[in-house]
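Good morning, everyone, and thank you for making time for this. Please have the sequence and the coordinates open while I talk, and I will go through a few regions in turn.

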Amino acid sequence: MNSLGSPRPRKDAAGWQQDVKSIGWWAEHAAIIGLIGLSIVFTSLSPVFLTAGNIQSILVAASILIVLTVGQSFVILSDGIDLSVAATMTLGVIAFGMAYAQGAGLLVSMLAAIAASSVIGILNGVLVAKGRITDFIVTLGTLSVASGLALVLSDGKPISITSIELINFSTHGVLIFGNPFIVAAAVAIIAHVVLFRTRFGTHLFATGGSKEAAQATGISTARIKIAVYTISGVLAGVAAILLVARVGASEPAANTTFLLNSVAAVVLGGVSLTGGRGSIFGPIVGALLLTVLTNGLTLMNVSQFYQPLAVGVVVILAALLSRFQK
Amino acid sequence: MTTTATTSIVDVQDVSLAFGSVKALQDVSLTLAAGEITALVGDNGAGKSTLVRCISGIHKPQSGTISFEGKPVHFRSPEDAREAGIETVHQNLALVDDLTVWQNLFLNREITRGIGPIRFLDRKAMKEAADRMVSNLAVNVPAVKSKVRRLSGGQRQAVSICRAAGFSSKLVIMDEPTAALGVQETAKVEALILKLRDDGHSVLLISHNFSQVMRLSDQVWVMRAGRCVAGRRTIETTGDEIVSLITGSREK
């Protein structure tokens, strides 16, 4: 009789214990469990790992990936994928370098980086939404376009950027939080508020969860798509600034590791690859996990060649686990 | 044809619509009385859905007029129709699984607060209003904080109907509202439809289920091959007569 009416029983203590035993619980918390587990392993293997200095450098090293991951999360939550994110960042880096070499100030150079990356983002969004081409193909195309443009514009040569302000920015901070990490954290907090406290965020989840249902309620899913790719582009520009500040130069490098790691962090963070379900906190923990992995392997003097291998294994394990998500 | 004594909420006059050479609707005229459940029946491809899409603003008739509450209307989009007070419950249960009941109820009608263009969701207000909407309907709607994914087919349909009935809608269009449901759930959703009428909503019901049409409706319109071929007061007709009108073995 109560097939319709009965509400699900509330979780009690016993229910929670049962949760811990289910593989779904592990799958949903894969990133944070992995982060804690890896930290324990590296702490026991290396005396340096759990020092303030090393934690500080991990957080700074993670900041670029966190910013890119936030953009990637918006796109994947809307049931898309942005393969161009790292190439877009590289184009932003080159735009920064060219503006700076022309004698523009830091602020103008930063704006140039964000503007160049945003153009690629908007292009992605318009092609996906209005051109009705699959996200995968569009962003694979713009990946090539952006990295090609970066090479053409820079003539394949790096431009060194010697700015006291930039060096001060990337080497200072508050307590153990370096400035680049503070920027990344601010981006993450704003992203969380936008996702969970605004109409746009709800509409993004609806678009990713069920495009038809979203459209039936009058939501313009095309506008949402353009918006998420634009956000991803703008954040790639922010990441470009952080990268220039860290490297002290504008290089037309491929940066493919950033692309793979941004997707990997989102998967690790429990975001559904078909959209509509996930958070910002999860992918950030995913990004931290990947950075800790690299950092720990370096501390243990494992050859750099093993790092992509380790990242790949972790990501595939996470994807396998995510199949068990509720 | 039998005319109704009550005032009409929707008046369709000589509406035609063709897709290329396919005449989907030909000079269709019918009325929906205010405060009644009107059923629209007909075989697949008879034009029921096309007509409903004209009323709900998805299609534009090529000729003829549609009046809503006595005034001719020209909806350019489903939003126009929704603003006028016409809500549609979709056949494919158009809810977002990974959002909660209250988020679905308020989807694209979110309550926000803030200053100027900077606006944030007023989640508390929406949850409270959703609770009220759900308890007003009284029929078997689950806790508003649960995700729609966890609901049964009947519960989902209840949420869909709740969404359509809320927001002071005047006409609720239902396209096969019980097609995907089991026997018990169908009975509960039917009770919900009757309650909608008792609360003063007009209902347009598309159904293939003749016994359901006979149980729920006050007026039946029959469509065949793009034309509205007959209208009957439900109380004055029988399921057999409706079937013969649909198949064309009996005219008018």
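Let me begin with one term, since the next number depends on it: a residue is called buried when its relative accessible area is under 20%. By that criterion, buried residues make up 52% of the 252 residues in chain B. I should also say at once that what you are looking at is a predicted model, so please hear every value this morning as a computed one.

Staying with chain B as a whole, its secondary structure comes to 8 helices and 12 strands, and its C-alpha atoms fill a box of roughly 60 × 40 × 35 Å along the principal axes. How does the radius of gyration of chain B agree with that of a compact globule? For 252 residues a compact globule would have a value near 18 Å, and chain B has 19 Å, which agrees. If we take the contacts in chain B with a separation of 6 or more, 65% of them are accounted for by residues 24 or more positions apart. The accessible surface of this chain is about 11100 Å², and 50% of that belongs to carbon and sulfur atoms.

Now to the strands at the start of chain B. Strand β1, residues 8-19, pairs with strand β2, residues 22-33, in the antiparallel sense over 8 bridges, and within that pairing Val12(B) has Leu30(B) as its bridge partner. The hairpin that these two strands make has 2 residues between them, and there Gly20(B) takes a positive phi near 65 degrees. β1(B) is also joined by 5 bridges to strand β4, residues 63-68, and this pair again runs antiparallel, with Asp11(B) bridged to Ser67(B). From β4(B) we can go one step further, to strand β5, residues 71-73, which pairs with β4(B) antiparallel over 3 bridges. Here Phe68(B) stands opposite Lys71(B), and the hairpin has 2 residues between the strands, with Glu69(B) in the turn at a positive phi of about 55 degrees.

Let me turn to the helices of chain A. Helix α6, residues 106-129, has 24 residues that should span 34 Å at 1.5 Å a residue, and its end C-alpha atoms are indeed 34 Å apart, which agrees. Among the buried residues of α6(A) are Leu106(A), Ser109(A), Ala113(A), Gly121(A) and Val128(A), and what covers the buried residues of this helix includes α5, α7, α8 and α12 of chain A.

Of those covering helices, α12(A) has 27 residues and reaches 38 Å from its first C-alpha to its last, close to the 39 Å expected. Because 19 of its 27 residues are buried, α12(A) is largely enclosed by the rest of the structure. Gly248(A) follows α12(A), and its phi is positive, near 75 degrees.

The other covering helix I want to look at is α5(A), where Phe96(A) lies. Is Phe96(A) buried or exposed? With a relative accessible area of 0%, Phe96(A) is buried. Leaving out residues up to four places away in sequence, Phe96(A) touches Leu106(A), Ser109(A), Met110(A) and Ala113(A), and also Ile161(A), Leu166(A), Ile241(A) and Val244(A). Phe96(A) and Ala113(A) are 17 residues apart in sequence, yet they are 4.8 Å apart in space, C-alpha to C-alpha.

That brings me to the aromatic pairs, of which the structure holds 4 over all chains. One of them is formed by Phe96(A) and Tyr100(A), which are stacked, with 6.3 Å centre to centre and 25 degrees between the planes. These two residues are 4 apart in helix α5 of chain A, and therefore separated by about one helical turn. Tyr100(A), at 23% relative accessibility, counts as partly exposed. For Phe196(A) and Phe205(A), the ring centres are 5.4 Å apart and the planes are at 40 degrees, so that pair is tilted. Phe196(A) is partly exposed, with a relative accessible area of 22%, whereas Phe205(A), at 6%, counts as buried.

Definitions and conventions. Residues are numbered from 1 along each chain as its sequence is written. Chains are lettered from A and ligands numbered from 1 in the order in which they are written. This is a predicted model: local features need pLDDT of at least 70, side-chain atom pairs count only at pLDDT 80 or more; totals for chains, interfaces and linings use all residues. Side-chain values use heavy atoms; hydrogens and water are left out. The expected span of a helix is 1.5 Å times one less than its number of residues. Buried means under 20% relative accessible area, exposed over 50%, partly exposed in between (1.4 Å probe, protein chains only). Contact means heavy atoms within 4.5 Å. Two strands pair if DSSP finds at least two bridges between them. The radius of gyration is taken over C-alpha atoms; the globule rule is 2.2 Å times the number of residues to the power 0.38. Accessible areas come from the Shrake-Rupley method with a 1.4 Å probe; for residues, only the protein chains shown count as cover. Rings of Phe, Tyr and Trp (its six-membered ring) pair if their centres lie within 6.5 Å; planes under 30 degrees apart count as stacked, over 60 as edge-to-face and the rest as tilted.
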